[in-house]
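Student: Hi! Could we go through this model together, cysteines to begin with and helix packing after that?
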Amino acid sequence: MAEIQAIYQAMARMAPPELAESWDNVGLLVDCGRPAARALTALDITPEVVEEARQLGCGVIVAHHPVIFSPLKRLDCRDVAFLLVQAGISAICMHTNLDAAEGGVNEVLAEILGIRDPLPFAGGCGRVGELDAVSPLTVPELARLAQKELAARCVPPLEGPAVQVKYTDNGRPVRRLAVISGSGGSMFEEALAAGADCLLTGEANHHAACDARRLGLGLIAAGHYATEYPAAAALARRLEAAVPGLEAVASQANRDPFTYL
C-alpha cells in the first residue's frame, strides 16, 4: 500500500508542476484520501477507465489529460469526477508538465521514432534530434513507420485501423525530426528554427499543412491519442520503481475515441 500523497509526490518529481502551462490544471485533482495498492495509468479518464480501475482494485488513476479542466458548476452521476469519488478512486493528472518533463510523453515518442539524444524545443514541450536510421527516411516512409510503431503500442480499436496518419511531403529526406504530441501542428515555425526537416505531431489543421509545405517542412499528423497513449506504459514502469509497495498497470480500456474508416 502507498499513501496517495506519496504517489503524488513521486509524480511531482517526475513531472514538476512548475513545467505546466499557466492555463493547465494538473495535480491531485480527485483525492479520496485512501492508500492504494495498485495504480492505473491512462491518457484519458473515461467511465470505462474508472470501471476498469474498480475491477482491478486500483485506488488511483494517473492520467495525462486532466479529469477536471473547465470550472465545475454542477455534478451529476454521469460525470467522471462523480464516478471516481463514488468508487473511492483518486486521480492524479499530469498534462503539459508531463509533456515537457524528462522521460515524459515527448521523450517516449522520440524514443519510439528513433531520435538520438533528443533536445527540447517549442518552449521545452517538444523534442528534436537526429534520426538513428542508417539511411535517411522520406516523409512517406517515416509516416508509415510511425503508423506501425504507434499502432503496436496503442489499445487495439474495436473496429477499423489503430492509427490513421496523414502527411505533407516536402520532397526531402528526414535527417532531423521534431516531435510534439497531441495538438502540435501549429509549431511548424519552431520546428524549422530547431533545424528539423519534418515535424511529427498528433493533430495538424489544413492551414498548418499549407504553411509547412510553403516553408519546406515535412509534416506528419499521427493522431492525438496515438502520439500520447504509449507514454502510459512507460509511466506505469516508472511509478512502480518510484513508489515502494505500489503495483502499476497501463489501462486497456482507454481507446482512441475516434473510429477510422
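Student: What should I know before we start, and how is Cys-125 placed, buried or exposed?
Tutor: This is a predicted model, where local features need pLDDT of at least 70, side-chain atom pairs count only at pLDDT 80 or more, and totals for chains, interfaces and linings use all residues. Residues are numbered from 1 along each chain as its sequence is written, and side-chain values use heavy atoms, with hydrogens and water left out. As for Cys-125, it counts as buried because its relative accessibility is 15% (buried is under 20% relative accessible area, exposed over 50%, partly exposed in between, with a 1.4 Å probe and protein chains only).

Student: How many disulfides does a search of the whole structure find?
Tutor: Zero, taking a disulfide as a pair of cysteine sulfur atoms within 2.5 Å. Cys-93 is in none, and its nearest cysteine sulfur, in Cys-32, is 12 Å away.

Student: Why no bond for Cys-125?
Tutor: Because the closest cysteine sulfur, in Cys-93, is 17 Å from its own, too far for a bond. Cys-93 is buried too, at 0% relative accessibility.

Student: New topic: at what angle do α1 and α10 pack?
Tutor: About 120°, with axes 10 Å apart; α1 covers residues 4–14 and α10 residues 231–242. Helices here are DSSP runs (H or I, at least four residues), numbered from the N terminus. Axes are lines fitted to C-alpha atoms over the stretch in contact, and angles run from 0 to 180 degrees between N-to-C directions.

Student: Which residues make the contact?
Tutor: With contact meaning heavy atoms within 4.5 Å, they are Ile-7, Ala-10, Met-11 and Met-14 of α1, plus Leu-235, Arg-238, Leu-239 and Ala-242 of α10.

Definitions and conventions:
Helices (H or I, at least four residues) and strands (E, at least two) are DSSP runs, numbered from the N terminus.
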